[in-house]
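Work through the exercises below with the model open. Each one is followed by a solution in steps.

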Amino acid sequence: MTGAAISLMLAAIVIIWGGLAVSVTALISRGRREDRDAREEASRLAHSHLRGTSTED
């Protein structure tokens, strides 16, 4: 293999693995954010229920 082909292959590998790493990081971040939002909503509803007020639209 020529040096140019090896360089191109290595660049492609770095780009592909880099994209995969970014995608996985984004999914983990999104999952944590959605989990946090769900806990906040559950807490808000629980406090509302304890106060006896309705939060339904």
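**Exercise 1.** State how much surface the chain exposes, which atoms supply 65% of it, and what share of the residues is buried.

*Solution.* The model is a predicted one. Its chain exposes about 5100 Å². Carbon and sulfur atoms supply 65% of that area. Taking buried as under 20% relative accessible area, 2% of the 57 residues qualify.

**Exercise 2.** Find the overall dimensions of the chain and set its radius of gyration against that of a compact globule.

*Solution.* Start with the C-alpha trace, which spans about 75 × 15 × 5 Å along its principal axes. Next, take the radius of gyration, which is 23 Å for the chain. A compact globule of 57 residues would come near 10 Å.

**Exercise 3.** Count the helices and strands, then test the span of helix α1 against its number of residues.

*Solution.* The chain has one helix and zero strands. Helix α1 covers residues 3-51, that is 49 residues. The expected span is 1.5 Å times one less than the number of residues, so α1 should reach 72 Å. The end C-alpha atoms of α1 lie 72 Å apart, in agreement. After α1 comes G52, with a positive phi near 85°.

**Exercise 4.** Which residues does UniProt mark as "transmembrane region", and what is their secondary structure?

*Solution.* The unreviewed UniProt entry places this feature at residues 6-29. Over residues 6-29 the model is 100% helix and 0% strand. The C-alpha atoms at the two ends of this stretch are 34 Å apart.

**Exercise 5.** How many positive and negative side chains are there, and how far apart are the centres of the two sets?

*Solution.* There are 7 positive and 7 negative side chains. The centres of the two sets are separated by 7 Å.

Methods: Residues are numbered from 1 along each chain as its sequence is written. This is a predicted model: local features need pLDDT of at least 70, side-chain atom pairs count only at pLDDT 80 or more; totals for chains, interfaces and linings use all residues. Side-chain values use heavy atoms; hydrogens and water are left out. UniProt positions are given in the numbering used here, feature names are shortened, and annotations may be inferred rather than shown by experiment. Helices (H or I, at least four residues) and strands (E, at least two) are DSSP runs, numbered from the N terminus. The radius of gyration is taken over C-alpha atoms; the globule rule is 2.2 Å times the number of residues to the power 0.38. Buried means under 20% relative accessible area, exposed over 50%, partly exposed in between (1.4 Å probe, protein chains only). Accessible areas come from the Shrake-Rupley method with a 1.4 Å probe; for residues, only the protein chains shown count as cover. Lys and Arg count as positive and Asp and Glu as negative; His and the chain ends are not counted. The place of a charge is taken as NZ of Lys, CZ of Arg, CG of Asp or CD of Glu.
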